[in-house]
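Trainee: I would like to go through this model with you, one question at a time. Please reason each answer through and finish on the value or name I ask for.

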Amino acid sequence: MTLERWIALLFLAGSAAYAYAAFTYPLLPFERNMSFLPNTWPKVLSVVMILLSAAILLQPRAKKEGEEDVLGSLDLERFKDYEVGQALMLIGAMILYALALRPVGFIASTVIFLVAAGWILGERKPQIMVPVALIASGIIWYLVQETLGIYLRPLPAFLD
């Protein structure tokens, strides 16, 4: 089985567990009459993910003569060529971002995370990264705050 199908199988299992949790979510009495329930989007998302991963798993693929499976052939001897360091640095940056959200504030921590992630991935133009990160984090903060009504501390804790 190719790597693509293994990943689809993992997504299918995760989506099935997510669907079970979404469909068995207990609603509060006042939520039952709402037009958009707290579990509506998780139900839709889980069904779409199950259909997409099943489509990948059930898709017939004829292997051509002499064709090599590129996705399924991980060469452990060339492990250093897979940019594992970048992936680990990005995971570390995500953890630091999650820890910095409350004390540093959403806008500042998001800008720092986006610039750091861009730097890790190889972008070396701060005159592009900083304005894009500022605009993106400002727009996201505004949309979450005003559209969804979820309060995100925009500034550091000592400025509030």
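Trainee: Which helix holds glycine 138?
Mentor: This is a predicted model, and the answer is read from its helix assignment. Residues 126-147 form one helix, and glycine 138 is found there. The helix is α5.

Trainee: Is glycine 138 buried, partly exposed or exposed?
Mentor: Its relative accessible area is 24%. Buried would require under 20% and exposed over 50%. Glycine 138 therefore counts as partly exposed.

Trainee: What distance separates the C-alpha atoms of glycine 138 and phenylalanine 106?
Mentor: Along the chain, glycine 138 and phenylalanine 106 are 32 residues apart. Their C-alpha atoms are separated by 9.0 Å.
Trainee: Which residues make up the largest nonpolar core?
Mentor: Phenylalanine 106 is one of its members, and the core counts seven residues in all. The full list is Leu90, Ala93, Tyr97, Phe106, Phe113, Ala117 and Ile120.

Trainee: Which helix supplies the largest share of this core?
Mentor: Two helices, α3 (84-104) and α4 (106-120), each supply at least two residues of the core. The largest share is four residues, and the helix supplying them is α4.

Trainee: Which residues does tyrosine 97 touch, not counting those up to four places away in sequence?
Mentor: Tyrosine 97 belongs to the largest nonpolar core. Two of its partners, Phe106 and Phe113, are also in that core. The complete set is Phe106, Ser109, Thr110 and Phe113.

Trainee: With which residues is valine 115 in contact, leaving aside neighbours within four places in sequence?
Mentor: Valine 115 is found in helix α4. Its C-alpha lies 9.7 Å from that of proline 131, with the two positions 16 residues apart in sequence numbering. The contacts of valine 115 are with Met129, Val130 and Ala133.

Trainee: Is arginine 5 buried or exposed?
Mentor: Arginine 5 has its place in helix α1. Its relative accessible area is 15%, and the cut-off for buried is under 20%. Arginine 5 is therefore buried.

Trainee: Which residues does arginine 5 touch, not counting those up to four places away in sequence?
Mentor: The C-alpha atoms of arginine 5 and serine 53 are 8.5 Å apart, although 48 residues separate them along the chain. The residues touched are Ile56, Leu57, Gln59, Pro60 and Arg61.

Trainee: Which helix gives the most to the nonpolar patch on the surface?
Mentor: The patch is formed by Tyr18, Phe36, Trp41, Val44, Leu45, Val48 and Leu52, with about 670 Å² of accessible area together. Leucine 52 lies in helix α2. Five residues of the patch come from the helix spanning residues 40-58, which is α2.

Trainee: How many helices and strands does the protein have?
Mentor: From the N terminus on, the elements run α-α-α-α-α. The count is five helices and zero strands.

Trainee: What share of the residues is buried?
Mentor: The accessible surface of the protein comes to about 12,100 Å², and 71% of it belongs to carbon and sulfur atoms. Of the 160 residues in the protein, the buried share is 21%.

Trainee: Which element has the highest mean pLDDT?
Mentor: The protein averages a pLDDT of 87, and 89% of the residues score at least 70. Among the elements, the lowest mean is 92, for helix α1 (residues 3-23). The highest is 95, for α4.

Technical notes
Residues are numbered from 1 along each chain as its sequence is written. This is a predicted model: local features need pLDDT of at least 70, side-chain atom pairs count only at pLDDT 80 or more; totals for chains, interfaces and linings use all residues. Side-chain values use heavy atoms; hydrogens and water are left out. Patches are made of residues with over 30% relative accessible area and no salt bridge: like charges are joined within 9 Å, nonpolar side chains (Val, Leu, Ile, Met, Phe, Trp, Tyr) within 5 Å. Accessible areas come from the Shrake-Rupley method with a 1.4 Å probe; for residues, only the protein chains shown count as cover. A salt bridge is a side-chain nitrogen of Lys or Arg within 4 Å of a carboxyl oxygen of Asp or Glu. A nonpolar core is a set of buried Ala, Val, Leu, Ile, Met, Phe, Trp, Tyr and Cys residues joined through side-chain atoms within 4.5 Å. Buried means under 20% relative accessible area, exposed over 50%, partly exposed in between (1.4 Å probe, protein chains only). Contact means heavy atoms within 4.5 Å. pLDDT is the predictor's confidence in each residue, from 0 to 100.
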